Amino acid sequence: NNEFYIIDHSTTTAEAASHTEGMHGKGGDLLYRWGNAVAYDRGLTSDKKLYGQHNVQFIPQGIPNAGKVIVFNNGMGRPDGTYSSIDIIETPVDANGNYSIDGVNAYAPSSAFWIYTAPIKTDFYGQNISGVNPLANGSFVICVGPSGDFFEIDSDENQVWKYLNPVGINGIATQGSNAFNNLAFRCEFYAPDYIAFDGKVLTPGNEIELNPTDPTLCELVSVNELSLDNALQIFPNPVTDQLNFSLPQKSNGDFNIEIFNSMGEKVLQAKNKMSFNVNFLSSGIYLLKLIAGENIYTQKIVKS
């Protein structure tokens with residue numbers, strides 16, 4: 001029906017058979033619906049907003065736009081072209097969790113609060129499955145399910161990294177080639193402070209692709225998803241021998257520095273040092289991570 005629904009989970013089976021029971025006094029009736037008003041005779045076909053959507057969810061507390069609804073709008077049958085979008089909807093809900101509607105019009109809003117599409121809209125399209133993860137720093141991790149593409153956009157809608165699932169119906173692909181039928185239903189994001197990681201040692205492994213002989217095929221473009229802001233200053237960058245940096249204003253007390261190469265291997269670790277020699281590193285792109293209390297900052301560095 002190209003809609004999403006909100007229902008009252010407080011009802012028992014018996015209460016759900018009524019129209020008045022439960023926490024919201026609606027029984028088993030829908031509390032709210034959105035995306036295709038013509039489905040309940042409150043609009044026209046031209047009012048349709050969702051097209052085969054997936055992964056509808058409330059944005060959690062601690063995330064920008066918390067409480068609003070976010071959905072991967074697949075775009076299948078979209079009249080103005082074949083493309084997907086990420087839509088955020090601000091529902092008309094009061095402090096008691098009740099959704100308002102009059103006797104004539106469809107549920108508000110008449111349009112999404114925010115919509116992301118690719119700069120060339122048709123470059124971003126997943127006709128089915130797929131999903132989106134909103135992150136605390138304002139970024140979004142997006143899964144284009146049919147093609148096995150995972151990527152992140154920041155709060156300015158810039159793509160900061162992209163990953164292609166190398167595992168297809170025929171097994172694992174050779175590096176540099178495309179996996180056949182490599183669809184992925186969902187891609188979930190887990191921050192470094194995810195509780196299940198407590199007490200675990202997470203070590204980067206080898207490449208998944210077969211015959212990973214050329215690391216330049218996996219170019220590190222940018223890694224910024226863990227940054228709390230842009231206050232981490234590194235100089236000089238590119239660096240030849242001595243690397244220096246200044247601490248963000250939010251950081252105080254002990255801190256740790258870790259540097260990773262483009263293969264994900266840790267090549268340097270230091271504590272409470274704001275300057276160190278990197279002359280031993282080969283030329284290339286590296287990732288510096290500053291861990292200060294609960295804050296994590298990252299920055300790309302270039303060794304020349």
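In this predicted model, strand S15 (residues 256–260) and strand S18 (residues 284–292) run antiparallel and are joined by 5 bridges. A good place to look for this pairing is Glu258, which stands opposite Lys289 in S18. The two strands belong to an open sheet of 4 strands, and the order to follow across it is S16-S15-S18-S19, with antiparallel pairing. At its edges lie strand S16 (266–271) and strand S19 (295–303), each of which pairs on one side only. Passing from one strand to the next, the twist averages 20°.

Another open sheet is made of 3 strands, this time in the order S13-S14-S17, and here too the pairing is antiparallel. Strand S13 (233–235) and strand S17 (275–277) are the edge strands, each pairing on one side only. Neighbouring strands of this sheet are turned against each other by 20° on average, direction ignored. Between S13 and strand S14 (residues 242–246) there are 3 bridges, and these two strands run antiparallel. Readers tracing this pair may start from Ile234, whose bridge partner in S14 is Phe245.

Strand S13 also holds Gln233, a residue that offers a closer view of this edge. Is Gln233 buried or exposed? With a relative accessible area of 41%, Gln233 falls in between and counts as partly exposed, because that class covers values from the 20% limit for buried residues to the 50% limit for exposed ones. Leaving aside residues up to four places away in sequence, Gln233 touches Asn244, Phe245 and Ser246. By way of a distance across the model, Gln233 and Ala136 are 97 residues apart along the chain, and their C-alpha atoms are separated by 22 Å.

Strand S5 (residues 85–89) makes a helpful next stop. How many of the residues of S5 are buried? The count is 5 of the 5, so this strand is largely enclosed by the rest of the structure. Ser85, Asp87 and Ile89 point one way from S5, while Ile86 and Ile88 point the other way, and all are buried. Strand S5 has pairing partners as well. Strand S4 (residues 69–73) is joined to S5 by 5 bridges, and the two run antiparallel; within this pair, Asn73 has Ser85 of S5 as its bridge partner. Strand S6 (residues 114–116) is joined to S5 by 3 bridges, again in the antiparallel sense, and Asp87 stands opposite Ile115 in S6. Ser85 and Asp87, both buried, thus appear again in these pairings, Ser85 with Asn73 and Asp87 with Ile115.

Stepping back to the whole protein, the model contains 1 helix and 19 strands. Its C-alpha trace spans about 70 × 45 × 35 Å along the principal axes. There are 304 residues, of which 38% count as buried. Among contacts between residues at least 6 apart in sequence, 52% join residues at least 24 apart. The accessible surface comes to about 16900 Å², and carbon and sulfur atoms account for 51% of this area. As for charge, the protein carries 18 positive and 32 negative side chains, and the centres of the two sets lie 2 Å apart.

Technical notes: Residues are numbered from 1 along each chain as its sequence is written. This is a predicted model: local features need pLDDT of at least 70, side-chain atom pairs count only at pLDDT 80 or more; totals for chains, interfaces and linings use all residues. Side-chain values use heavy atoms; hydrogens and water are left out. Buried means under 20% relative accessible area, exposed over 50%, partly exposed in between (1.4 Å probe, protein chains only). Contact means heavy atoms within 4.5 Å. Accessible areas come from the Shrake-Rupley method with a 1.4 Å probe; for residues, only the protein chains shown count as cover. Lys and Arg count as positive and Asp and Glu as negative; His and the chain ends are not counted. The place of a charge is taken as NZ of Lys, CZ of Arg, CG of Asp or CD of Glu. Two strands pair if DSSP finds at least two bridges between them. Axes are lines fitted to C-alpha atoms, for helices over the stretch in contact, and angles run from 0 to 180 degrees between N-to-C directions.
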